[in-house]
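Morning, everyone. Please take a look at the structure on the screen before I start.

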Amino acid sequence: MEATCSSLPAAISVSEIAINGPQSVVIGESISLETTITPSDATNQTVTWTSSDASKASVDGQGTVKGFAAGDVIVSARAVDGSEVVATHPVLVTADPILITSIEISGPNGIQIATTVAFTARISPATATNQTLTWTTSDTAVATVDQDGNVTAVAPGAVQITASATDSS
């Protein structure tokens, strides 16, 4: 009689969590936070969310933070795979929205035709309540840009790429 033995693949543990999203919320409003798990092929990528002060802001299982009272809170995401990896994210709860005062765009000065390059925007202050930007190009016949800042060159020429705040600032 033969016995066969099969082994299960080894579990891949979470080694790092990054929390992405706004750093401020207005009382009575909500913001969404997301996690980036490293390695990307970790076996269990589930996290539990907590707020350091639920009287100021709560956070649900999907990373949605709701503001209740003015002040600072720390939102945490903890891996549930047994690795005990935790990431924290500061959130300022305010009575009034914090408006964007400046946007700094980074990207190359030239792009080859049929090539796409990601442009990035740095918003000030970093705690602006609404960090949503609208990306535009001065000439779509020369280059297009999507709402994530990815610019694609389609023909020779010069264009201006613009990122505009959507928070009325």
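I will go from the overall fold to the cores, and then to one proline.

First, a caution: this is a predicted model. Now the fold. How many helices and strands are there? Zero helices, and 16 strands. The radius of gyration is 21 Å, and the globule rule gives 15 Å for 169 residues. That is well over the rule, so the protein is more spread out than a compact globule. You can see it in the C-alpha trace, which spans about 75 × 55 × 20 Å along its principal axes.

What about burial? Of the 169 residues, 28% are buried. The accessible surface is about 9,900 Å². Carbon and sulfur atoms hold 50% of that surface.

Now contacts. Take those with a separation of 6 or more: 54% of them join residues 24 or more positions apart.

Charge next. I find 4 positive side chains and 16 negative ones. The centres of these two sets sit 12 Å apart.

On to the cores. In soluble globular proteins, nonpolar side chains tend to be buried together. Here, the largest nonpolar core has 21 residues. Which members touch the most others? They are Val14, Ile17, Leu33, Trp49, Val65, Val75 and Val91. Five strands each give two or more residues to this core: S1 (16-20), S5 (47-51), S6 (57-59), S8 (71-79) and S9 (86-94). The largest share is from S8, with four residues.

Stay with Trp49 for a moment. Leaving out residues up to four places away in sequence, Trp49 touches a list that includes Ile19, Leu33, Val59 and Val75. Polar and charged neighbours appear on that list too, among them Glu34, Asp60 and Gln62.

There is another core, apart from that one. It has 11 residues, including Ile123, Leu133, Val151 and Ile161.

Last stop: Pro125. Where is it? Pro125 is in the loop between strand S12 (120-124) and strand S13 (133-137). Is Pro125 buried, partly exposed or exposed? Its relative accessibility is 28%, so Pro125 counts as partly exposed. The cut-off for buried is under 20%, and exposed means over 50%.

What does Pro125 touch, beyond residues up to four places away in sequence? Its partners are Ile98, Leu99, Ile100 and Thr101. Take Leu99: it is 26 residues from Pro125 in sequence, yet the two C-alpha atoms are 7.9 Å apart.

That's my tour. Questions, please.

Notes: Residues numbered from 1 in each chain as written. Predicted model: local features only at pLDDT ≥ 70, side-chain atom pairs only at ≥ 80, totals over all residues. Heavy atoms only, no water. Rg over C-alpha atoms; globule rule 2.2 N^0.38 Å. Buried < 20%, exposed > 50% of the residue type's maximum accessible area, 1.4 Å probe, protein only. Contact = heavy atoms within 4.5 Å. Areas by Shrake-Rupley, 256 points an atom, 1.4 Å probe, with all protein chains shown as cover. Lys, Arg positive; Asp, Glu negative; His and termini not counted. Charge placed at Lys NZ, Arg CZ, Asp CG, Glu CD. Core = buried A, V, L, I, M, F, W, Y, C linked by side-chain atoms within 4.5 Å.
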